[in-house]
Each structure stands twice: as C-alpha cells, then as structure tokens.
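I opened the notebook to record what I looked up in this structure. The entries follow the order in which I worked.

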Amino acid sequence: MASKTKKPTEFNELPILPVRDTVLFPNAILPLTVGRDSSLKLIGDLKEEEKLIAVISQRDPRVENPQPVDLYQIGTAAFVHKIIRLPSQSLFIFVEGLQRIALDEVIQTDPYLRARVRPLQDINPDPKEPDFEALVRSVTSLFQQVVQLSPTLSDDLQTVAMNIEDPSRLADFIAANLPSISNTERQELLESLDLKQRLDRLMKQLAREVEVQQLRSKIQSDVQDQVTQSQRDYYLREQMKAIQRELGEADETQDVEELRQKVEAAGLSEEAYKEATRELKRLARMSPAAADYHVTRTYLDWLVALPWNKFAEFHVDLKKAKEVLDADHYDLEKVKERILDYLAVLKLKPTLKGPILCLVGPPGVGKTSLAKSVARALDRKFVRISLGGIHDEAEIRGHRRTYIGALPGQVIQGIRRVETRDPVFVLDEVDKVGRDFRGDPTSALLEVLDPEQNSHFRDNYLDVQFDLSRVLFICTANVLDTIPPPLLDRMEVLELQGYTEEEKIEIAFRHLIPKQTAENGIGEEQIEFTREAVSEIIRSFTREAGVRNLEREIATVCRKQARRFAEGLKEKLVVTRETLAADLGVPKFRLDAELIERTRQPGVAVGLAWTPTGGDVLFIETTVMKGGKNFTMTGHVGQVMQESMQAALAWVRSHALDYNLDPDFFKEHDIHIHVPAGAIPKDGPSAGVTMVTSLVSALTHRPLRPRVAMTGEIMLSGQVLPVGGIKEKVLAAKRAGVAEIFLPAENQPNVSEDLTPELLQGIELHFVRSIHEVVDQALEPEATESRRPITERTVEPVAEPVGEAVGRPH
C-alpha cells in the first residue's frame with residue numbers, strides 16, 4: 001500500500017523500529033524487511049495520517065528481541081512511504097530519513113518499544129570559511145574518484161553529489177552510499193553532530209577506499225600481465241614445434257598440414273574452400289589446449305569428408321532396371337512406369353534434377369523396399385532416415401557451431417555416410433513429423449524437397465551451400481492428410497494401393513516364403529506351402545492391405561517346423577488348410593460367416609469404409625422400439641457421420657408411403673442407429689446409403705440380401721453422390737466375401753481406371769444414381785415371416801462386436 005499522507009515535521013514520542021546491520025541517514029530512502037512480531041505489530045498500528053517511526057540500529061545484530069539497552073542512543077526519525085505484504089507474512093517497507101533524534105526516555109516496551117525523543121541539530125561552521133570549503137571540495141572529489149574506480153557504484157552518483165549544495169546533506173548522502181565502511185563507522189558518522197568533524201571522518205574513509213580501489217586495479221593489471229605471459233608461452237611453444245619438425249617428431253603442425261592437403265583434394269565449392277582456408281589459418285594459430293581447437297578441427301573434418309565432387313558411375317540400362325523392379329516387387333505397375341520414365345529422361349539428359357517422389361499407401365505394401373529397388377536399378381547408393389516423431393528442426397538443418405556437441409543435420413550426415421552426391425535418399429514416414437516449441441521440421445524440409453532450391457541447401461552447422469539437386473529423394477507416407485500443403489505441393493504423389501488376395505498369394509510364393517524359410521534355417525525339402533494354405537492364412541488370420549502380417553504368420557509356421565526338426569522330427573511338412581490350426585491356432589477372422597449371419601436380421605446393412613490401412617467393411621445396425629421421436633446415434637461416430645444419419649432418417653420419413661409405412665411412425669417409436677466397434681472413431685459421409693438401407697430394413701422387416709455391401713453419400717433429394725477410396729473399398733469387400741456391391745454411378749470411371757477384370761472376378765457391381773435403386777435391389781422383396789409390422793412390435797437385430805477397427809468412411 002502506498003502512502004499519500006503529508007509528512008509531519010513535529011514529534012515528541014515515536015515508536016521504535018530496531019534494525020540490524022544497517023543505519024538510516026536523514027534524507028535517505030531505505031527499504032527494510034520487517035519480520036519480528038513486535039515490529040509487525042508496530043507497522044500494523046500506524047495510522048494513515050501519522051506514519052512516523054524512529055529507526056535505530058542495534059549494537060549487537062544477534063539479539064532477537066532487543067531492549068532499550070541493546071540500542072544506540074541516536075537514530076533517525078523516519079516516514080513510512082510504502083508497505084508491501086509478502087507471502088511469508090512479513091512486510092517490505094520503504095522509509096525516508098527525516099532528522100537525527102536522541103532517545104530521552106523509553107515509555108513503552110510491550111508489544112513494541114516507544115520512547116520520548118529529542119530532535120538533534122547539526123553544528124554548522126561558517127560555510128564561507130576557507131578551511132571548511134576546502135574540506136567539502138576534498139570530500140566531493142574523493143567520492144567522485146571512488147565512484148570511478150568502483151565497479152559496483154553507478155556513475156550517476158557523481159552527478160547527484162555535485163548537485164547537493166547543503167554540506168550536511170552531502171555528508172549524509174556519501175555516508176549512505178559508501179559500500180566499504182562498517183555499520184559501526186556509519187553509526188559514528190550519524191552521531192557526529194559537528195559537521196566539520198563528520199566531514200573530516202568521512203574524508204579519511206574515502207581516502208582509504210580510494211587506496212583500496214587503486215590496489216584492486218593494480219591486481220587486475222597483474223592478471224593482464226599473466227595473460228600476456230601466456231601469449232609469450234604460446235610463442236615459445238611454436239618454437240618448440242619448429243624444433244620438433246627438425247627432429248622429425250610428430251606435432252599438431254603436421255595435422256594442420258594434412259588437413260590442408262585434404263582441403264585441396266576435396267573438390268570443395270568456392271564458398272566452402274574460402275571458409276575452409278579461413279578456418280585452417282585460425283587452427284594453425286591456435287593452441288591445442290584452446291577450447292575452440294577441437295571444434296574447428298571437427299568442422300574441417302566434416303567439410304573435407306563430404307562428397308563435393310563424387311558421383312555414381314553414370315549408366316542407365318532401362319532393360320536391367322525393369323528386370324530389377326519386376327524381380328523385387330509384384331504388380332505396382334503405375335509406380336514402376338513412373339520410375340522407368342524418369343530413367344529414360346535421365347538417360348537423355350544426365351544433368352536432370354532429381355524428382356521428389358512420395359509413395360503413399362497402407363502399411364506393408366512395399367514403399368520402403370521399392371525405394372531400395374530403385375537404388376539397385378540405378379546402381380546408386382541408398383540412404384534412409386526416419387522422420388517419424390521428429391520435433392526439432394535442427395534434425396534436418398543441423399545445429400549451429402556455437403552449441404556444444406553440434407553436428408550437421410540428418411540430410412548432410414546421410415550424404416556423408418554414402419560418400420556420393422547422387423544417392424537415392426528415402427525420407428520415411430514424412431506424414432508423422434511432429435512440431436512443437438523447438439520448431440517445425442516440415443518447414444526445413446521445404447528447402448530440401450524443392451528442386452529449385454535444394455541446389456543451394458545451407459546446413460546450419462556447415463554454413464556453406466551444398467548442392468542436393470542430384471539426389472533422388474523418395475518420401476513415404478501412409479496418409480496425405482497430415483502433410484502440410486506447401487510440402488505436399490513440392491512432391492509427386494504415387495499411390496500404392498492394397499493387394500488383392502491373388503496378388504498376396506503371388507507375393508508370398510515369390511518373396512515371403514523363400515525369405516522366411518531361409519531366415520529360419522529350413523529349405524524346400526523340409527517345408528512346402530500349398531496355395532490353399534496361403535489363401536486360408538490371408539482370409540482367416542490376417543486383415544490388411546499389405547503383406548506384413550501375412551509374412552509374420554508364414555514366419556510362425558516356419559519356426560514351428562524348425563523346432564520340430566531341432567527336436568528330431570525329420571518329416572517334411574506340407575502346409576495345408578487342415579494343418580494350419582496346429583501352428584496358428586483358431587482363425588482370427590471369419591468374415592464370410594460373419595457377413596451372412598449378421599445380415600439375416602432386419603436392420604443390419606453392410607457398408608464399405610476407407611481406412612489408413614486400406615479399407616474394411618462397416619456394419620450399420622438399426623433397431624426400433626416403442627417410444628416417441630427419440631433418435632439415438634452411437635458407435636463413436638463423428639459430426640459428419642451423425643449428419644448423414646439425420647439425413648437418412650429425414651429421407652426415410654419423407655418417403656414412408658413408398659415402403660407402405662405409416663408417415664407418422666416416428667411419433668410413436670424411438671430409433672437407435674449403432675455402428676459396432678464403438679472404441680474406434682468413425683466419420684465421413686460415404687455411409688449414407690448404408691444408413692438408409694438399414695433404416696428401411698428395420699422398419700419394413702426386409703433383411704439385406706446375402707453378401708451385399710454398398711457405399712455412397714446421399715442427398716435429401718434422393719441422389720447418390722460419389723465417394724473416394726473405391727479401390728480400397730472393393731478390395732475390402734472382396735476379402736470379406738461380398739458378392740455384390742452398390743456404387744455411385746459417378747464412380748464408374750474410377751472402377752475402370754483402378755480395378756482390373758481380374759480384381760473384379762467374383763464380384764458384381766451395381767452403379768446407382770438414386771436411393772430407391774439401392775433399397776429396392778439390396779433388400780429382400782418380402783419381410784421375414786417371423787416379424788410383424790413395425791407399428792405392432794419392436795425389431796431388435798442381433799448386435800455382435802466387429803473384430804477389427806473399421807476406421808472412418810471416406
């Protein structure tokens with residue numbers, strides 16, 4: 001709290017605030033911390049209009065509860081300007097000294113001291129007396145010298161002292177700001193009422209302080225001389241090096257000369273050569289014991305180790321490249337065609353800047369291994385860094401050399417490892433880069449992955465330009481949604497779709513089975529897989545777009561057989577559908593049976609969903625019960641999917657008569673739509689036709705026809721709009737045993753472009769434009785006999801949990 005009360009000038013009795021290790025002079029402002037109970041009580045009793053106290057120093061600062069005998073007899077009357085309450089229950093106050101006072105009689109000791117006081121007046125000589133005037137000038141001059149010599153005193157104190165005309169105030173100002181005198185000496189100055197005597201004492205203190213400060217300066221000068229001595233030692237050490245060279249002994253000079261030769265042979269760019277030369281000169285003048293010696297040496301090692309002028313032997317053989325790609329990967333024709341196109345142009349124009357390819361697809365479809373095949377087809381070195389979970393921009397650009405343990409970024413480190421300027425560089429999991437207070441690594445990647453900029457890439461550690469334009473960068477990602485648009489714009493996206501069952505079987509026999517038999521120490525004479533067994537593993541033990549889990553299951557069978565051989569059983573194992581249960585256990589997925597069993601009940605419809613892992617089937621369940629106008633939506637569905645459910649209900653209510661339903665059925669019934677696998681978030685509009693079909697099925701008791709699935713967004717007008725992820729959805733339907741699929745008519749071009757006749761074998765596609773077409777063809781023509789009309793009883797279809805995460809419709 002700040003005080004605005006006018007300071008009193010007359011006083012006879014004052015409360016006493018004992019202080020230790022400090023002395024308050026008149027006209028000085030002093031901050032004090034008040035913590036004693038008696039002192040807290042004193043400050044608390046002060047009235048707003050009367051905040052005068054007596055500040056008196058203790059003789060012994062160790063006394064906790066001072067009595068009158070423990071205090072000096074002369075102190076200072078003070079005015080309390082500001083009181084601040086601290087969290088520790090103590091107070092922080094600002095007091096201003098007003099006048100010297102003497103204690104005449106203590107009239108109160110509890111709860112705090114209070115005494116009658118007498119103001120004291122200075123004994124002032126004639127100010128015009130020459131001796132007194134000379135004394136004042138000497139004190140002022142000495143104080144100015146102290147301020148100039150002392151590193152702790154502000155230079156402003158000189159100006160303040162020169163502007164004080166009253167000798168008494170000047171003496172008190174200097175005594176209060178002189179740091180070297182003790183509290184006893186300050187008390188003596190406070191008790192000196194004779195101004196001439198006070199100034200004389202003060203001059204002695206100032207003279208002593210000037211001498212101390214001059215001695216300190218001399219010590220500093222001696223230290224500087226020692227530094228000069230160390231420079232002399234350096235000169236002598238250089239002479240010793242010359243003697244060692246004459247004697248043929250190794251020294252640091254030889255290291256510098258070897259570095260100089262490496263710099264000359266490294267083929268550095270002009271900028272890098274100038275920087276290396278400058279650092280070499282610094283290194284030659286530096287002592288090996290210096291802190292920066294090894295920093296500079298490490299920096300030069302990095303510069304000369306980079307492949308500034310090294311390239312792979314240039315020859316492009318398109319036929320060989322095609323053979324390598326076909327041998328390493330089955331299918332993926334579009335991706336292979338794009339790579340061969342690049343090789344063809346590279347053959348015609350060897351200085352072509354490398355493209356920035358981004359392979360996007362579900363896990364396990366071969367993105368990283370395809371990049372390795374590209375390096376093999378080009379006869380180039382291969383380097384890979386994983387960007388998953390990287391949060392620090394310095395991981396890409398490097399740290400500046402000012403940091404301890406600084407290193408170049410992962411890009412430059414990778415180039416150094418392969419020792420060539422044109423490797424195939426894979427940036428894995430580019431969609432999983434993080435960002436936080438340490439920076440945004442994707443912003444650093446903008447320069448790396450821009451063919452127009454990466455020829456002048458500047459790493460923070462090297463601080464010179466390095467040309468990355470000849471590097472073939474290949475990024476991999478599972479989804480594109482998390483990649484920032486500016487970064488995505490710099491890349492050419494190649495999508496790798498999920499594999500069909502036939503493609504997985506071929507991949508298993510060409511790559512997975514030979515690999516796992518070799519890794520588990522068995523051969524063809526010890527184990528043999530039949531196509532039926534591999535097909536059963538795909539259908540009953542895996543549910544994925546790639547082949548990673550398929551490889552794990554094959555590895556499990558191989559390990560079981562290896563164990564049998566290790567235990568002494570030498571019989572060859574022919575893996576069939578019947579033998580899988582012994583090695584892999586109970587089938588994990590029963591999609592064929594699940595699809596038929598769940599759709600027997602009215603109210604259940606089968607949709608198709610796009611997920612980051614490829615695609616999956618999506619069950620929509622509807623039940624109707626007695627109630628009134630309640631519409632419940634469950635299954636961890638997102639906002640867009642909830643809006644699709646509401647649109648589906650609105651369409652069904654507006655077309656109730658088309659299906660012989662009472663238009664007012666919603667007034668007397670509650671409807672509940674559920675999407676199983678409730679722990680998995682789901683969202684998107686493409687399940688609209690599935691929701692309408694489920695609602696109509698539940699209300700009319702017409703079950704879905706066996707092995708039927710559908711996808712499509714709906715409008716309130718009844719139109720079916722196109723959706724994305726058609727190939728992934730069709731492949732998911734085929735894995736689940738679906739025989740008929742209803743697709744939006746506008747997606748027919750996607751089917752023609754992305755799906756071959758082999759992929760569509762065994763599946764009948766229906767392209768529809770209206771909801772009526774879907775409902776009329778997807779549902780059985782008649783209601784089940786065991787069900788009565790919807791207005792008479794509630795239909796409750798069996799709701800079984802889905803075994804896998806279905807993700808979000810796309």
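The entries below cover the pocket, a surface patch, salt bridges, backbone geometry and two distances.

**Entry: status of the model**

I note at the start that this is a predicted model.

**Entry: largest pocket**

I began with the largest pocket, and its space comes to about 700 Å³. Its lining has 26 residues, and I listed those closest to the centre: His329, Gly364, Val365, Gly366 and Ser369.

Which helix gives the most to this lining? I found that α12 does, with 5 residues. The helices that supply at least two lining residues each are α10 (318-328), α12 (367-378), α17 (501-519) and α19 (548-566).

I then sorted the lining by class and got 9 charged, 9 polar and 8 nonpolar residues.

**Entry: nonpolar patch**

On the surface I looked up a nonpolar patch of about 280 Å², made by Leu215, Ile219 and Val223. I placed Ile219 in helix α6, which covers residues 195-247.

**Entry: salt bridges**

I counted salt bridges next, and the structure holds 48. I followed up three pairs and one network.

The first pair I wrote down is Arg297 with Asp301, where the closest N and O atoms are 3.5 Å apart. Both belong to helix α9 (residues 293-305), and because they are 4 residues apart there, about one helical turn separates them. I checked exposure for each: Arg297 has 22% relative accessibility and counts as partly exposed, and Asp301 has 26% and counts as partly exposed.

The next pair is Lys320 and Asp379, whose side chains meet in a salt bridge at 3.2 Å, N to O. Lys320 is in helix α10, while Asp379 is in the loop between α12 and β8 (382-386), so this pair ties together parts that are 59 residues apart in sequence. I looked up accessibility here too, and Lys320 is partly exposed at 32%. Asp379 is partly exposed at 35%. I also note that α10, the helix of Lys320, is among the helices that supply at least two residues of the pocket lining.

The third pair is Glu753 and Lys334, with 3.8 Å between the closest N and O atoms. What does this pair tie together? Glu753 is in helix α25 (residues 748-754) and Lys334 is in helix α11 (residues 333-348), so the salt bridge joins parts that are 419 residues apart in sequence. I found both Glu753 and Lys334 exposed.

For the network, I recorded that salt bridges link Glu275, Arg278, Glu279, Arg282 and Arg401.

**Entry: backbone geometry**

I looked up the peptide bond from Asp110 to Pro111, and it is cis, with omega near 0 degrees. Pro111 sits in the loop between β5 (91-108) and β6 (114-119).

I then turned to positive phi at residues other than glycine. Asp21 has a phi of about 65 degrees and is not a glycine. I located Asp21 in the loop between β1 (13-19) and β2 (29-34). Is Asp21 buried or exposed? At 55% relative accessibility, Asp21 counts as exposed, since the cut-off for exposed is over 50%.

Asp463 also has a positive phi, of about 60 degrees, and is not a glycine. Asp463 is in the loop between β10 (457-458) and β11 (465-466). I found Asp463 partly exposed, with a relative accessible area of 40%.

**Entry: two distances**

I took the C-alpha separation of Asp481 and Arg470, which are 11 residues apart in sequence, and got 29 Å in space. Asp481 lies in the loop between β12 (472-477) and α16 (485-488). At 61% relative accessibility, Asp481 counts as exposed.

How far apart are the C-alpha atoms of Val768 and Ala582? They are separated by 46 Å, with the two positions 186 residues apart along the chain. I placed Val768 in strand β24 (residues 764-768). Val768 has a relative accessible area of 2%, so I entered this residue as buried.

How values were computed
Residues are numbered from 1 along each chain as its sequence is written. This is a predicted model: local features need pLDDT of at least 70, side-chain atom pairs count only at pLDDT 80 or more; totals for chains, interfaces and linings use all residues. Side-chain values use heavy atoms; hydrogens and water are left out. On a 1 Å grid over the protein atoms alone, a cavity is a set of points where a 1.4 Å probe fits but cannot get out, and a pocket is an open set with protein on both sides within 12 Å along at least five of seven lines; lining residues have an atom within 4 Å of a point. Grid points are joined across faces, edges and corners, and a volume is the space filled by probe spheres set on the points. Ala, Val, Leu, Ile, Met, Phe, Trp, Tyr, Cys and Pro count as nonpolar, Asp, Glu, Lys and Arg as charged, and the others, Gly among them, as polar. Patches are made of residues with over 30% relative accessible area and no salt bridge: like charges are joined within 9 Å, nonpolar side chains (Val, Leu, Ile, Met, Phe, Trp, Tyr) within 5 Å. Accessible areas come from the Shrake-Rupley method with a 1.4 Å probe; for residues, only the protein chains shown count as cover. A salt bridge is a side-chain nitrogen of Lys or Arg within 4 Å of a carboxyl oxygen of Asp or Glu. Buried means under 20% relative accessible area, exposed over 50%, partly exposed in between (1.4 Å probe, protein chains only).
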